[in-house]
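Me: Please take a close look at one part of this model, the pairing of two strands in a sheet, and then work outwards to what surrounds it. I would like one connected account rather than a list.

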Amino acid sequence: MKRTLRTLASAMLAISMAAFTAGAANAQVLFWSSQAAPVEETQKVREQVLKGFEGVDFQPQEPGPFITRIEAEMAAGSGSIGVVGGLHGDLSRYADNWVDLSDVDLAGIAVSPAFLELGKLGTTEQKYLPWMQATYVMAANKQALEYLPDGADLNALTYDQVIAWAKAMAEGTGSPKFGFPAGPKGLKHRFFQGFLLPAYTGSEVTKFRSAEAEEAWNKFKELWQYTNPASTNYDFMQEPLLTGDVWLAFDHIARLGEAFNQKPDDFVAFPAPAGPKGRAFMPVLAGMAIPKSAPDVDAAKALVKYMMQPETQAATLVATNFFPVTDATLPADLPASAKALGPAVTAMTSASDALPALLPVGLGDLGGQFNQVYIDTFERAVLGGQDLRQVLDQQAETLRALMVQANAPCWLPDQPSEGPCPVE
Amino acid sequence: MPQKALPYLLLLPATLFLLVFFVYPFLQIAILAFSGPEGFTLKPFLTMATHWKFQTTLSNTILLTAIIVPIQLVLALSMASIVAKLKTGRNTILYIFTIPLGLSDLAAGIIWLAIFEQSGFLNSMLVGLGLTERPMLFLGYQNLWMIFVAVILAEVWRATAIVMVILVSGMGLIPKEYYEAAEVFGAGPWKRFTKVTLPMLRPSLQTALILRTIAAFEVFAVVVALGGTTLPVLMGETFNWQFALSDRNVAAAYALVILVISIASTLFFLRVLRTPKGATI
């Protein structure tokens, strides 16, 4: 019996020793990020972007676990996360949780004033500093260009022209060549929220079940006939573009980059199409914030400052395909993806009919359910072939309930609202 | 220390482990499923049951289980009979049969994805043999039944061995005398199987069926790998509500549904396959 006790005691000792060593290894600043989660990007951020900063542990996460840990540390009132890197929508959920960053020394760096203003989250404090920006564009295999409808200008396409183009390719090659990221991790909902619906309705939420919205969905159903049915398995369009299964695709620039890097001469990038209400597009802004429970706020601020430096911003572009938020001069030896996608982004954001539609703001942890409304509409009306009018009416009810529950006022391009954003 | 206390002391770590990592989380889940911002509520269950996907999710899960478990049972019985009969090479065959057990379910899903994908092994073979002109899309949303078949194949391939291992050990426990007696009375191989092996195997069958059925209700990684969200199952929806939709109350409600049907099936097998008193070997 004595021996048993002694074994038990030494086991306990071993466990506490292990816990102690794990605690000691925590001296690094933990950079908790929802961005650069694909493993290649993570590696590049660690090896190239962060190589000039001593003592940082970059840990990107899936959206769920990312939020869960932030909330857990908030609830516990103590934590080990030093810097949180997330999208504007993620960071705006927890405005009270962030340290004021207005004393971070940004001498000699011109940060986009509009982005700095967004980073205040409606308060007087700098709740987060902008980190990097991105958006979504179209990409095409050069072989697709011969099917481009007559008179169509790549930089000023309309949805009707895209449909005609996809149709011509399907008929010309014998198989559908348009591709859409409708896989489980694909960003399909962003297309509906920020591109298709605003282009037809000028709204993301308010006119969800309007006749214009119905027209938009019908256009998409038309396009879907000429869409590669494997699209429901596509998460990153760069992959089917590279294999040649798809010749024309829509996706986030970070999810198209590899196609341009691997075969720079095979692809072209250009703005998303325009609808009757304009060329709607969704700008994506990522920012960095420091939780009040951060173990070493000064070290965390030093890391944020490092991330804002011109060289770091340029390295971030190379690593993640997200563009700088500062006036950082870009190196001449940019990768092919940045060279091809940069002009497409500029052409879209500065188009005369440009219509920015922001990512959801103020939805708190209902963001996932908000996306699901659009995903469900797609799965039911387009994949399931259910009656569109009925689906829109039912999903509009869900959407309205969500807006009331979150008490979220409208955001661009919807008109500002008193109280929760209405669904007409 | 009295010798009497020793068994309890030895049980203590396992009991503590179960209390901390099973009973405590279970209680938390149960509380979550019945709570909302306003306290006790049935709203999570209402949200779950009225969601347009719930019916499909529930029937997909039950249908998958109802197909997979019987196939596995029949296969495992024949595999176990073969192994039990073998004089030489028994261990080798046993090892080969149990190789898939060493894989995680996600790995198994990915292996079968590599076979069925548009650019996968099956398509390259079909095209190579000239049977089809261009690769076919097997796992698209239009061929739901094909995803079903792929999931069933992957699950059968992956998890039949665990049933077989339990049955092999059960068959080893059946005394030879019963077979000899049956043979003396002129029973053929089939008769011996149905009249001796099957009844004597009851306790092992019970264990194997309970284990497999519960695992089948929890099928997740294989389905995600092969069908994404095209083929919704209970476990996948639980994950979805917890992480994508960040509503842990509804996720907890889903978890409780899985628990309830698991308990129901366990009770069913305990009752149907119970060993009558005094009939033990």
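Reply: In this predicted model, strand β1 of chain A, residues 29-33, and strand β3 of chain A, residues 81-87, pair in the parallel sense, with four bridges between them. Within that pairing, W32(A) has V84(A) of β3(A) as its bridge partner.

The two strands belong to an open sheet of five strands, whose order is β2-β1-β3-β10-β4 in chain A and whose pairing is mixed. At its edges are β2 (56-60) and β4 (129-134) of chain A, each of which pairs on one side only. If direction is ignored, neighbouring strands of this sheet are turned against each other by 20 degrees on average. Across β1, β2, β3, β4 and β10 (284-289) of chain A lies helix α11 of the same chain, residues 297-308, which runs at about 40 degrees to β3(A).

The loop between α3 (63-76) and β3 of chain A contains G79(A). This glycine counts as buried because it has 20 C-beta neighbours inside 10 Å, and 20 or more is what that label requires. Once neighbours within four places in sequence are left aside, the contacts of G79(A) are E73(A), P291(A) and S293(A). From G79(A) to R69(A) the C-alpha to C-alpha separation is 9.1 Å, the two being ten residues apart in sequence.

The helix and the sheet can also be followed through V304(A), which, neighbours within four places in sequence again set aside, is in contact with V83(A), L101(A), V104(A), L129(A), M288(A) and I290(A). Both V304(A) and V83(A) are among the residues with the most contacts inside the largest nonpolar core, a group that also includes V137(A), A139(A), L248(A) and L341(A). That core has 133 residues, and it draws at least three residues from each of domain 1 (2-133 + 284-334) and domain 2 (136-282 + 350-406) of chain A. Apart from it lies another core, of 52 residues, with I68(B), V69(B), A150(B) and L226(B) among them. In soluble globular proteins, nonpolar side chains tend to be buried together.

As for confidence, chain A has a mean pLDDT of 88, and 94% of its residues reach 70 or more. An exception to keep in mind is the stretch of residues 15-25 of chain A, where pLDDT stays under 50 and the model has zero contacts beyond four places in sequence. Where pLDDT is low, the predicted coordinates should not be read in detail.

How values were computed. Residues numbered from 1 in each chain as written. Chains lettered and ligands numbered in written order. Predicted model: local features only at pLDDT ≥ 70, side-chain atom pairs only at ≥ 80, totals over all residues. pLDDT = per-residue confidence, 0-100. Contact = placed C-beta atoms within 7 Å. Pairing = 2+ DSSP bridges. Axes fitted to C-alpha atoms, helices over the stretch in contact; angles between N-to-C directions. Buried ≥ 20, exposed ≤ 12 C-beta atoms within 10 Å, placed from the backbone. Core = buried A, V, L, I, M, F, W, Y, C linked by C-beta atoms within 7 Å. Domains from an automatic or database assignment.
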